[in-house]
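Subject: Structure handover

Hello,

Here is the structure I said I would pass on. Please open it first, then read the notes below it.

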Amino acid sequence: MRALCSGMAVDHRVVDAQGWAALAQHMHAQDARLLALWGSDTRLQCGGFTVHACWLQRDALTLAELVLACGVTHYPALHALFPVADRLQRALRDLLGLQAPGMDSRPWLRHTAWGADEFPLRRDAPERGPERAPEAERYAFVAVDGEGVHEISVGPVHAGIIEPGQFRFSVVGEKVLRLEPRLGFAHKGVERRFQQLTLNEGAGLAARLCGDSAAANAWAYCMALETLAEVRIPPRAGALRALLLERERLANHLGDLGAIVNDAGFGFGLAQFSRLKEDLLRLNAQVFGARYPMGAIQPGGVAFDLDDDAQSMLRTQCGVLRREVERLKVILDQHEGLQDRLAATGRVAPDLARRLGMLGLAARASGQALDLRAIPGLAPYDKLGVRIAVEQGGDVAARVAVRFAEVFESLRLSLALLDALPEGPHTLALPEVIAPGLALGVVEGWRGPAFIALQAGEGGRIARCHPHDPSWQNWPALEWIMVQDIVPDFPLINKSFNLSYSGHDR
């Protein structure tokens, strides 16, 4: 068998239903994270549907493949062991019509346009979505009863430019008894769209899954495609991809630091961090051709190269950003009112983070030392000695601290990449013919691991592509911790996570 992922070792197991359940128990016992769950309509090839689950351990992936018998639409549930599976199973049911026993029966991605018996990822689904008018719908939020209990509904349309998401608070006074979100409003039919594209065209769509994670998603897609093509990109291309990824991390962390302290009433911080983010984006436009360079990472390498002047400008900006952020960190750390607002607010204890299977920045703020950039042998980071930023507090203050640490580390990594930029080409041509097969791509984006499962079909076309954003793993934590807090804390806590709607809803 060909390798399934060029970045990590993959243990690929084809199992029956009993083996699926046994493997899930084993992964739970090994403290693995359920990274993704998806299905495919393989009735023409295999007689039945296929369900995949992928688990992440510290430096390896385990991929389970379950082919259902003809006419079977049920598979063993995972939500009792892995809480994130609850909504993954609901999305799989909405898109493909496959059920897991005991799962939540409410829809997740489908709202009012699709009928209950219409599944857009089935091969016999129409190319275009239904054109009928949406039907009236009342979503069955879980009711909380008791003396003095009332409900506050927020969204899905919000007052600012935030993407759509609905939040139902059950409260007594300001104390939150339950928070239940409903997402899926940003669902765009991306997985069906992938199946209409060639393998090369898919990279452009992957970069546009979520605008703030373009580099991570595009790299994950290209990693999977290059694995299928059995090629290794030139070292210079790998270094330039990493540089793009670190600048994407910097842009988001700078923006979030300003937005978080602004929600705590410190408008000065918003102005200063926004200024720094704008400077970074303007240099992106000058050097890479776009503020958010969605077309920069392409199959076989990158679409640009850096001359000496561009490298000099990037180095200079790294130095300026470090000095400016260090000054701002001192100001924030010495502001007692601000620190009092951040400390102990929205705390996710390390044990809860582990049990929920959290990933990425939010998990590292709760004691989970997992960063794929630090995996041995993962180029080009294996030569840079990535320092994982970890905090134990799990509160807003801890998530701010992790962001600061990652800003300084990204600046160090960017300079190291520029100082040791390999000579040679920045791209190579992929083979004209790529054999059908399955490959995975996973890259540590600024939120956490961006994951792509890519199935190549005949004629260089995409048979199936499943993207997964780490926000799936972290949205449930927001619900758990709000029970400890009050309604006015929600904007601050929510911003300290800054989870994706578009990337999550696909």
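One residue to start with is C222, which is buried, with a relative accessible area of 0%. C465 is likewise buried, and its relative accessible area is 0%. Neither cysteine is bonded to a partner through sulfur: C222 is in no disulfide, and C465 is in no disulfide either. For C222, the nearest cysteine sulfur belongs to C465, 11 Å away. A disulfide needs the two sulfur atoms within 2.5 Å, so this pair at 11 Å does not count as one. Over the whole structure, the number of disulfides is zero.

Keep in mind that this is a predicted model. The mean pLDDT of the chain is 92, and 97% of the residues reach at least 70. Taken by element, helix α13 (residues 396-419) has the highest mean pLDDT, at 98. The lowest mean belongs to helix α16 (residues 502-505), at 87.

Next, the interior. Which residues have the most contacts inside the largest nonpolar core? They are W20, W55, Y75 and F497, in a core of 83 residues. If you select F497 in the viewer, you can look for the residues it touches, leaving aside those up to four places away in sequence. They are V348, M358, A362, R399, R403, N474, A477, L478 and I481.

There is also a second core, separate from that one, with 75 residues. Among its members are C5, L56, L245 and C465. The last of these, C465, is the buried cysteine described at the start.

Regards

Definitions and conventions:
Residues numbered from 1 in each chain as written. Predicted model: local features only at pLDDT ≥ 70, side-chain atom pairs only at ≥ 80, totals over all residues. Heavy atoms only, no water. pLDDT = per-residue confidence, 0-100. Helix = DSSP H or I, 4+ residues; strand = E, 2+ residues; numbered from the N terminus. Buried < 20%, exposed > 50% of the residue type's maximum accessible area, 1.4 Å probe, protein only. Core = buried A, V, L, I, M, F, W, Y, C linked by side-chain atoms within 4.5 Å. Contact = heavy atoms within 4.5 Å.
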